[in-house]
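Open the model in your viewer and keep the selection panel at hand. The stops below go from a pair of helices to the ligand site.

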Amino acid sequence: MRLVLVGPPGAGKGTQAQFLASHYSIPHISTGDIMRANIKASTPLGLEVKAYMERGELVSDSVTNEMVRNRLNEADASHGFLLDGFPRNVGQAEVLRAILSEKKTPLDAVLELSIKTSEIVARLSGRRICRNCGKAWHVDFEPTQADGTCDACQGELYQREDDKEEVITRRLQVFEEQTAPIISFYRTEGLLITINASGSVSEITERAITALSRIH
Ligand code: AMP
């Protein structure tokens with residue numbers, strides 16, 4: 001299964017990606033996660049992308065496309081993958097199509113997680129991430145037993161710089177202006193499957209698996 005997940009920030013892409021990647025036994029490739037890991041390790045790439053991410057702006061296509069090209073060349077991606085957060089504009093979608101067409105391994109589907117803007121802000125502003133294991137919690141919808149501590153590994157929770165309210169507005173604007181056009185791009189390619197992303201995590205995973213089972 002070669003799959004792209006698309007949807008606005010806060011639609012639950014990262015959470016669903018983990019379940020779907022495990023269900024199909026394919027690697028979960030999140031460009032945001034790769035960038036954050038580089039920032040944490042203070043690599044040259046991390047230093048280059050940090051300011052863009054903190055402002056909610058897209059990192060340059062040249063840096064991002066190269067990162068994805070390298071990642072897709074790794075052995076574990078040869079039997080399928082789930083891309084989360086890439087592509088984020090039509091130029092990136094065209095580069096992805098070219099990379100996959102060189103390998104003769106086109107995408108099977110693009111799964112769109114659709115959600116109302118009013119739900120997004122509440123989801124993002126309450127999100128807290130574990131510094132240790134990366135699991136996402138939510139202060140209201142999925143609280144931990146002790147404030148600020150991960151139930152899974154006892155790691156410390158933090159709020160992503162770009163989940164602060166002033167940056168969320170910019171991220172939504174960037175999504176509408178730059179990322180939303182890829183939805184029509186993939187509809188035209190006949191790859192788009194849209195599901196409603198409101199509800200519990202398990203309901204949405206089930207919707208996704210049911211929708212994806214129809215393509216094979
Ligand atoms: P995410 O974790 O997917 O929400 O991404 C967080 C941030 O990483 C974005 O707001 C961008 O600054 C950057 N980023 C992630 N993926 C991409 C991409 N495909 N193109 C450009 N910037 C990206």
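**Stop 1: a helix pair**

Select H1 and H9; H1 passes H9 in a right-handed crossing. Keep in mind that this is a predicted model. To pick the two helices by number, take residues 13–24 for H1 and residues 201–213 for H9. Two numbers are enough for the geometry, because a packed pair of helices is described by the angle between the axes and the distance between them. Here the angle is about 50° and the axes lie 10 Å apart. An angle that is neither under 35 degrees nor in the range 65 to 115 nor over 145 counts as oblique, and H1 and H9 are therefore oblique to each other.

**Stop 2: the shell around the ligand**

Now select the ligand and the 16 residues that surround it. The closest are Thr31, Arg36, Glu57, Gly85 and Gln92. Colour the shell by class: six residues are charged, five are polar and five are nonpolar. Which helix gives the most to this shell? Helix H2, residues 31–40, does, with four residues.

**Stop 3: polar atoms at the ligand**

Display distances from the ligand's N and O atoms.

- Arginine 36: a polar side-chain atom is 2.8 Å from an oxygen atom of the ligand.
- Glycine 85: a polar backbone atom lies 2.9 Å from a nitrogen atom of the ligand.
- Valine 59: a polar backbone atom is 3.0 Å from a nitrogen atom of the ligand.

Finish with the ligand surface: the ligand taken alone exposes 480 Å², and the protein buries 96% of that.

Technical notes
Residues are numbered from 1 along each chain as its sequence is written. This is a predicted model: local features need pLDDT of at least 70, side-chain atom pairs count only at pLDDT 80 or more; totals for chains, interfaces and linings use all residues. Side-chain values use heavy atoms; hydrogens and water are left out. A residue is near a molecule or strand if one of its heavy atoms lies within 4 Å of it. A polar contact is a pair of N or O atoms within 3.5 Å; within protein, one must be able to donate a hydrogen and the other to accept it, and residues adjacent in sequence count only if both atoms are side-chain atoms. Accessible areas come from the Shrake-Rupley method with a 1.4 Å probe; for residues, only the protein chains shown count as cover. Ala, Val, Leu, Ile, Met, Phe, Trp, Tyr, Cys and Pro count as nonpolar, Asp, Glu, Lys and Arg as charged, and the others, Gly among them, as polar. Axes are lines fitted to C-alpha atoms, for helices over the stretch in contact, and angles run from 0 to 180 degrees between N-to-C directions. A crossing is left-handed if the near helix is turned anticlockwise from the far one by less than a right angle, and right-handed if clockwise.
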